[in-house]
Amino acid sequence: MRNRKITFVLLLLTLVPISTLGRQLVLVLSQDDLKEAAIDSTSLTDDTSDTGFDDFIDSEAKPDYVLDPGSWSPIFEPGIAAPQDHLEHEGVYYTAVSKIVKAYSRGDERAMEEAAREIETAASGGHPHAQSILGFLYGMGIGRERSKAKSFLYHHFAAEGGNMQSKMALAYTYSRQEMHDKAVKLYAELAEVAINSFLISKDSPMIEPVRIHSGAEENKEALRKSRGEEDEDFQILEYQAQKGNAGAMYKIGIFFYFGLRGVRRDHTKALSWFLKAVEKGEARSMELLGEIYARGAGVERNFTKALEWLTLASKKQLYSAYNGLGYLYVKGYGVEKNNTKAKEYFEKAADNREAGGFYNLGVMYLKGIGVKRDVKTASKCFITAFDAGQPKTYYQLAKMFHTGVGLKKNVPLASALYKLVAERGPWSSLSRWALESYLRGDVGRAFLLYSRMAELGYEIAQSNAAWILDKYGERSMCLGESGICSDEERHQRSHALWWQASELGNEHAALLIGDAYYYGRGTERDYDRAAEAYMHAKSQSNAQAIFNLGYMHEHGQGLPFDLHLAKRYYDQALEVDHAAKLPVTLALASLWIRKNYADSILKLSKAVHFPHLFTGEWGSNNQPNWILHVHVIDYLPEVYPKVEAWGEDVLMGEGNATILTLFVCLLTVLYLRERQRRNVAAAGEVAFPHQLGEQGGPVAN
């Protein structure tokens with residue numbers, strides 16, 4: 001029988017070789033892979049008491065400080081009181097964290113030192129959450145000397161004491177060191193906590209941290225869409241909802257339920273809007289009401305009401321509601337437990353191409369719940385759900401890769417999948433608070449929160465924190481070992497953060513690392529390491545990095561001098577990004593000039609900057625002498641984005657085609673003048689080209 005291959009795409013992997021980072025990874029599985037893995041699991045019985053895998057996680061809604069002990073939510077979320085565990089140090093802990101946050105907002109080094117001492121006192125008393133903060137302070141070098149060893153030690157103690165954020169930090173540290181066996185255990189535990197917040201009937205929306213920058217500029221469009229209730233679009237939607245628009249009511253409810261578009265999560269407000277929408281006949285709100293009552297989100301858990309709302313939603317052809325109904329039957333919540341009926345509901349959802357239906361069927365076949373255990377069928381169901389983007393599937397596939405049940409054992413891949421799920425845990429609230437602070441203009445607080453997330457392994461937080469340092473300098477309120485960070489300390493921190501982000505696939509970060517080494521920004525100039533960083537960015541199909549590699553080959557900087565290879569890179573940059581046409585055209589012109597006119601009037605001038613593309617001086621014959629300063633090409637790696645923007649905004653603007661025509665005419669004149677000079681020189685009647693300068697006066701820079 002012919003091997004049929006099953007293919008699925010992992011959108012983001014962080015623990016695979018660097019050459020694959022930042023790109024989509026296509027994993028091809030054959031039937032032989034599945035058979036071999038199935039053989040490894042023959043010792044498993046059909047006994048559903050087997051605890052190797054969870055069946056259906058109890059998705060009860062719990063506050064962040066329960067799922068994430070030591071959470072900063074009591075500081076940033078109004079109306080949330082601090083939990084009362086570890087009573088002798090709990091008050092000291094939250095008071096000290098509040099002082100740290102305020103100190104960073106003001107750049108108050110004295111307040112920071114006082115808060116750090118209080119945290120250290122609590123940590124020495126065995127308070128795990130204080131130990132976690134102390135690990136963060138040592139890791140960043142805030143109020144303490146920077147020490148990776150001490151940071152690791154305090155995070156280790158904190159994790160042993162149950163602090164989830166320290167477990168995230170340790171897992172990320174292990175993964176960077178390729179200690180996958182240790183990383184996978186922590187990420188598995190964290191992923192299980194995170195998945196408890198997922199919906200039971202449909203896909204939970206992926207709430208990504210907002211990237212506050214786009215390249216070297218502020219990401220104004222993304223920030224505008226994240227202003228929460230202050231956003232004009234939200235206010236218009238709210239006005240429509242108040243006027244009785246059912247669709248607007250549903251959307252407002254969604255924003256409050258999940259905390260989307262910068263809106264603070266508020267399950268009570270969400271419930272109110274969903275109930276109003278249902279009165280107007282909005283069927284989608286019925287399903288969410290079923291979710292709310294099944295999970296007890298902002299209301300007392302009531303499985304009877306959950307069953308009623310999910311049944312109504314399913315009758316309105318909301319097929320994902322069948323998953324919720326199946327969940328109630330498989331758990332025996334509000335109904336008599338009935339695995340056969342649960343399977344029927346899951347099959348109805350799957351028949352209507354609902355990803356959750358395939359996921360739930362996969363769990364039943366994997367555990368042998370109401371069916372004969374069949375890991376091969378379970379694998380196929382999970383892969384189908386994965387292809388459809390079902391986030392819970394990451395968790396089950398991670399378990400299968402972790403244990404080798406149903407799929408070949410692959411610990412690095414399992415760890416990467418667990419990480420994708422773990423990053424959606426309650427600790428991701430740090431991103432929302434950081435963004436709120438940034439939008440209010442409190443850059444120092446935003447930097448502190450992004451730095452904390454960066455330590456947990458969030459790539460976007462790493463790049464956001466680095467960008468704030470580069471963009472705002474002293475205004476970033478960066479606090480170091482002994483006060484406000486010096487320029488050198490900021491450069492070092494920025495460099496470290498960009499490097500971490502580049503490891504996680506951020507091509508812009510890899511490009512900036514290359515620039516830092518190439519120009520000696522915050523570090524010693526090192527062309528070899530610059531080339532290495534550009535090669536890393538090239539592997540992610542970054543056009544500017546490819547262009548820079550061509551430039552380095554052209555000049556023999558960090559790479560062998562090779563004009564043919566330089567041309568190949570320039571051509572490749574254009575293939576990757578057609579917006580690079582202008583700089584690539586200029587670069588190719590430079591190559592042609594270097595090759596054909598190295599010793600002529602057009603040899604490289606090192607006297608001018610980019611804006612002076614041509615310099616004109618009036619000669620004795622009252623005619624302009626135009627000299628092309630090819631040094632403009634030498635500035636292309638640094639000004640690439642400016643060239644691209646200039647090309648789009650000026651050259652491509654209406655009525656500016658004349659500039660392009662003039663550019664071509666000038667090159668033509670230069671070519672004709674040079675040909676004339678060579679003809680005259682052949683007859684022995686011409687002086688060395690530098691005499692032109694004497695004839696027409698010095699060339700202006």
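Which residue does a disulfide join to Cys478? The partner is Cys485, with an S to S distance of 2.1 Å. A disulfide here is a pair of cysteine sulfur atoms within 2.5 Å, and the structure holds one.

Before I continue, a word on the basis of these values. This is a predicted model, in which local features need pLDDT of at least 70 and side-chain atom pairs count only at pLDDT 80 or more, while totals for chains, interfaces and linings use all residues. Residues are numbered from 1 along each chain as its sequence is written, and side-chain values use heavy atoms, with hydrogens and water left out.

To return to the disulfide: the torsion about the S-S bond of Cys478 and Cys485 is about -55°, so the bridge is left-handed. Both Cys478 and Cys485 are buried, a term that means under 20% relative accessible area, against over 50% for exposed and partly exposed in between, with a 1.4 Å probe and protein chains only. Another cysteine, Cys381, has 11% relative accessibility and therefore counts as buried.

I turn next to helix α9, residues 180–195. Helices are DSSP runs of H or I with at least four residues, strands are runs of E with at least two, and both are numbered from the N terminus. The expected span of a helix is 1.5 Å times one less than its number of residues. For the 16 residues of α9 that gives 22 Å, and the end C-alpha atoms lie 21 Å apart, which agrees. The buried residues of α9 include His180, Tyr187 and Ile195. As a set, the buried residues of this helix pack against α2 (64–67), α8 (164–176), α20 (391–403) and α21 (411–422).

Helix α2 leads us to Gly70, which is found in the loop between α2 and α3 (73–76). Gly70 has 5% relative accessibility and so counts as buried. Contact means heavy atoms within 4.5 Å. Leaving aside neighbours within four places in sequence, Gly70 is in contact with Tyr93, Tyr94, His129 and Asn163. Of these, Asn163 is 93 residues from Gly70 in sequence, yet the C-alpha to C-alpha distance is 6.6 Å.

My last residue is Leu223, in helix α10 (residues 220–224). What is its relative accessible area? The value is 6%, so Leu223 is buried. Not counting residues up to four places away in sequence, Leu223 touches Val210, Ile212, Glu218, Leu435, Tyr438 and Leu439. Leu223 and His213 are 10 residues apart along the chain, and their C-alpha atoms are separated by 9.0 Å.
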